[in-house]
Amino acid sequence: MRASRLVTLLLLLQNRGRMTARELAGELEVSVRTVYRDVDALAAAGIPLYGAAGHAGGYRLVAGYRTRLTGLTADEAQAAFLAALPGTAAELGLGEALATAQLKLRAALPAELREHAGRIQERFLLDAPGWYGDAARPPHLAAVAAAVWSRRALVLQYRRWRAPEEIERRVEPYGIVLKAGRWYLVAGGPSGIRTYRVDQIIGLRSLEEEFVVPDGFGLAAHWRRHLSDFRARLHTGEALVRLTPEGARRLGVTPGGDGWTEVRVPIESIDHAHGEFLRLGTDIEVVAPAELRARIAGTVRTLAARYEG
């Protein structure tokens, strides 16, 4: 376990340059004291690294030092190729770079591991977007990615769902996330850290001013909190419904028998539940809330009148 952590620490310094003990502890999920011990162990093993105190301090490797990528297991080699997503890299303008990197990695592997890695690309494909999603690349994705990489602020023209629908805002782009085939920008601004759909950006202007990401910000941790908060806001009510066995199956509810099953299910809103429950047709009956039952009854009457003629 410790040997693996020491290698990871070494590779972090090699790939990122200077890192503080606290940053390393966060990446390795250990205490700062453990990082101090690991750094001492690497130095005792002859690894040329040094630490500096102060605001611009931290640990770094001596300039020019590189460790060779050795000791990969078959599973690690497979994971490296499985994690490389050509579609995603192409959208970010890195498709050619990814192909070149894979060729270099393949060339560095022993023959038996090259064979294992090759099987991954032959047998596994990740197609992230949903069936009915828009597969077109957001027109400003590459520019947003460039700003994230260079740590330069942006002025966005953005279309949102509430009034005013089109806004202009200066933001500091901290990172981008691909979720279910859709790209999101996580950025700081006058109201704190916000999430923007990249496909809703209708224009942008890159500024020359650089920014510094706040201490303690981590993209993965922030996104986990964002999803948790989103789910907490998503289902703020509930409905009492009766389901046929088929309706229970489609709604992911365990049927109570061969007849109707009465259950309470979480709902986001009356409007959202109205559309979702209508999809189940005659396999569902809404008992409560009364407003939702009345909305669905009104829709059914309208449809019946429309099709009677």
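User: Before we start on the rings, what has to hold for two aromatic rings to pair?

Analyst: Rings of Phe, Tyr and Trp pair if their centres lie within 6.5 Å. Planes under 30 degrees apart count as stacked, over 60 as edge-to-face, and the rest as tilted. This is a predicted model, and it holds four aromatic pairs. Take Tyr174 and Phe211: their ring centres are 5.9 Å apart and the planes sit at 50°, so you'd call that pair tilted.

User: Where do Tyr174 and Phe211 lie?

Analyst: Tyr174 is in strand β4, while Phe211 is in the loop between β7 (201–210) and α9. The pair therefore ties together parts that are 37 residues apart in sequence.

User: Are those two residues buried or exposed?

Analyst: Buried means under 20% relative accessible area. Tyr174 comes out at 9% and Phe211 at 7%, so Tyr174 is buried and Phe211 is buried as well.

User: What about Tyr174 and Phe217, stacked or tilted?

Analyst: Tilted: the Tyr174 and Phe217 rings are 5.1 Å centre to centre, with 55° between the planes. Phe217 is in the loop between β7 and α9, and Tyr174 is in strand β4, so this pair ties together parts 43 residues apart in sequence. Put the ring pairs together and you get a cluster of Tyr174, Phe211 and Phe217.

User: Now the sheet. What is the order of its strands?

Analyst: To read a sheet, follow which strand pairs with which; two strands pair if there are at least two bridges between them. Here you have an open sheet of five strands, ordered β6-β5-β4-β3-β7, with antiparallel pairing. β6 (192–197) and β7 are at the edges with a single partner strand each, so one side of each has no neighbour in the sheet. From one strand to the next, the twist averages 45°.

User: How many bridges pair β4 with β5?

Analyst: Seven bridges, in the antiparallel sense, with β5 covering residues 182–189. If you want a spot to click on, Val177 stands opposite Tyr184 in β5.

User: On to pockets. Which residues lie nearest the centre of the largest pocket?

Analyst: With a pocket, look at its volume, then at what lines it. The largest pocket holds about 2100 Å³ of space. Its lining has 32 residues, and Arg16, Glu27, Arg151, Val213 and Phe217 lie nearest the centre. The elements giving two or more residues to that lining are α1 (2–16), α2, α8, β4 (166–179) and α9 (219–234). By class, the lining has 18 nonpolar, seven polar and seven charged residues. Phe217, then, belongs to the ring cluster and also lines this pocket.

User: Arg151 caught my eye in the backbone angles. What is its phi?

Analyst: The thing to look for is a positive phi in a residue other than glycine. Arg151 has one, near 55°. You'll find Arg151 in the loop between α8 (141–150) and β3 (152–159). Its relative accessibility is 30%, so Arg151 counts as partly exposed.

User: And where is Glu29?

Analyst: Glu29 is in the loop between α2 (21–28) and α3 (32–44), and its phi is also positive, near 60°. With a relative accessible area of 73%, Glu29 is exposed.

User: Last one: which residues does the cis peptide bond join?

Analyst: Check omega for this. Between Ala288 and Pro289, omega is about 5°, and the bond is cis. Pro289 is in the loop between β10 (284–288) and α12 (290–308).

Technical notes
Residues are numbered from 1 along each chain as its sequence is written. This is a predicted model: local features need pLDDT of at least 70, side-chain atom pairs count only at pLDDT 80 or more; totals for chains, interfaces and linings use all residues. Side-chain values use heavy atoms; hydrogens and water are left out. Helices (H or I, at least four residues) and strands (E, at least two) are DSSP runs, numbered from the N terminus. Buried means under 20% relative accessible area, exposed over 50%, partly exposed in between (1.4 Å probe, protein chains only). On a 1 Å grid over the protein atoms alone, a cavity is a set of points where a 1.4 Å probe fits but cannot get out, and a pocket is an open set with protein on both sides within 12 Å along at least five of seven lines; lining residues have an atom within 4 Å of a point. Grid points are joined across faces, edges and corners, and a volume is the space filled by probe spheres set on the points. Ala, Val, Leu, Ile, Met, Phe, Trp, Tyr, Cys and Pro count as nonpolar, Asp, Glu, Lys and Arg as charged, and the others, Gly among them, as polar. Rings of Phe, Tyr and Trp (its six-membered ring) pair if their centres lie within 6.5 Å; planes under 30 degrees apart count as stacked, over 60 as edge-to-face and the rest as tilted. Axes are lines fitted to C-alpha atoms, for helices over the stretch in contact, and angles run from 0 to 180 degrees between N-to-C directions.
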